[in-house]
Amino acid sequence: MEAAEPRREITVWVNGIRYRRQVPVRMLLADFLRHELELTGTHVGCEHGVCGACTVLWDGEPVRSCLLLAVQADGAHLTTVEGLASPGGRLHPVQEAFRETHGLQCGFCTPGFLLTVAAFLRDHPDPDPDEAAIREALSGNLCRCTGYQHIVAAVKRAARLLAETGVPAVPRHQPAGGEGA
Ligand code: FES
Ligand code: FES
């Protein structure tokens, strides 16, 4: 009889909510988010670190959750696409910009793009960002639908919306009291 896979307890903050879970030591972070926490906005495309669909923010920096283990996230603060809109459901300016400029079609790649763009615009808050810099920032995310032109337009629009509204490009989640389900 095969020995059961070892498990380890982790504590992780996702979108400001603290979760404590026993996880198999080989569970991918992407699978933890999707299957344990039911945050299915994090998409899995290639599972090889190539497409960027699984991008989440780890202490504010974009990472590929298909290349990380859940146990590595012990103590980390993560932001997933579910953490972008306000608690009342109002779209985040980056989401609003993608919607306005038709920056998505099937939407499979979109969560990864949104988080990549949010981190980029936090670090480059110019309301009229350089197009070459935008394309460089997007180069790690693949989209099979849009041809990228609308996504570039979305980044430009998002930069303006962020400047106009003063909404943080990366939401600052106050750690909520209590634990996630
Ligand atoms: S699923 Fe992680 S980079 Fe493609
Ligand atoms: S919108 Fe379909 S893959 Fe990008």
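**View 1. The end of helix α2 and its buried residues, in a predicted model.** Just after helix α2, H102 takes a positive phi of about 60°. The helix itself covers residues 93-100, and the residues P93, V94, Q95, A97 and F98 within α2 are buried. These buried residues of α2 pack against two other helices, α3 and α5, both of which return in later views.

**View 2. Q95 and its surroundings.** Q95 is a residue of helix α2, and with a relative accessibility of 14% Q95 counts as buried, because the cut-off for a buried residue is under 20% relative accessible area. Which residues is Q95 in contact with, once its neighbours within four places in sequence are left aside? The residues in contact with Q95 are then V81, L84, A85 and L114.

**View 3. The crossing of helices α3 and α4.** Two packed helices are described by the angle between their axes and the distance between the axes. Helix α3 spans residues 110-123 and helix α4 spans residues 131-138; their axes come within 10 Å and cross at roughly 135°. The two helices, α3 and α4, are therefore oblique to each other, and their crossing is right-handed. On the side of α3 the contact is made by F113, T116, V117 and F120, while α4 contributes A133, I134, A137 and L138. Sorted by character, the residues of this contact of α3 with α4 comprise 7 nonpolar and 1 polar, with no charged residue among them.

**View 4. The packing of helix α3 with helix α5.** Helix α5 is made of residues 149-165, and it packs with α3 at an angle of about 50°, the axes of the two helices being 11 Å apart. That angle makes α3 oblique to α5, and the crossing of α3 and α5 is right-handed. From α3 the contact takes in F113, V117, F120 and L121, and from α5 it takes in I151, V155, A158, A159 and L162. The residues of the contact of α3 with α5 are 9 nonpolar, with no polar and no charged residue. Seen beside the preceding view, F113, V117 and F120 of α3 are named in the contact with α4 and are named again in the contact with α5.

**View 5. The salt bridge of R26 with E5.** Side chains of opposite charge can pair when their charged atoms come close. A search of the whole structure finds 8 salt bridges, and one of them is formed by R26 with E5, whose closest N and O atoms are 3.0 Å apart. R26 lies in the loop between β2 (17-24) and α1 (29-36), whereas E5 belongs to the segment before β1 (7-14), so the pair ties together parts that are 21 residues apart in sequence. Are the two partners buried or exposed? R26 is exposed, with a relative accessible area of 63%, and E5 is partly exposed, with a relative accessible area of 31%.

**View 6. The salt bridge of R21 with E36.** Here R21 pairs with E36 in a salt bridge, with the closest N and O atoms 3.6 Å apart. The pair links distant parts of the chain, since R21 is in strand β2 and E36 is in helix α1, 15 residues apart. R21 is buried, with a relative accessible area of 16%, whereas E36, at 28% relative accessibility, counts as partly exposed.

**View 7. A salt bridge within helix α4, and a network of salt bridges.** E131 forms a salt bridge with R135, and the closest N and O atoms of this pair are 3.2 Å apart. Both residues are in helix α4, and because they are 4 residues apart there, E131 and R135 are separated by about one helical turn. E131 counts as partly exposed at 28% relative accessibility, and R135 likewise counts as partly exposed, at 35% relative accessibility. Elsewhere in the chain, a network of salt bridges links E61, R122 and D123.

**View 8. G88 in the loop before helix α2.** G88 has its place in the loop between β5 (77-79) and α2. With a relative accessible area of 76%, G88 is exposed. The C-alpha atom of G88 is separated by 14 Å from that of P171, although the two residues are 83 residues apart along the chain.

Conventions. Residues numbered from 1 in each chain as written. Chains lettered and ligands numbered in written order. Predicted model: local features only at pLDDT ≥ 70, side-chain atom pairs only at ≥ 80, totals over all residues. Heavy atoms only, no water. Axes fitted to C-alpha atoms, helices over the stretch in contact; angles between N-to-C directions. Parallel < 35°, antiparallel > 145°, perpendicular 65-115°, else oblique. Left-handed = near helix turned anticlockwise from the far one by under 90°. Contact = heavy atoms within 4.5 Å. Nonpolar A, V, L, I, M, F, W, Y, C, P; charged D, E, K, R; others polar. Salt bridge = Lys/Arg side-chain N within 4 Å of Asp/Glu carboxyl O. Buried < 20%, exposed > 50% of the residue type's maximum accessible area, 1.4 Å probe, protein only.
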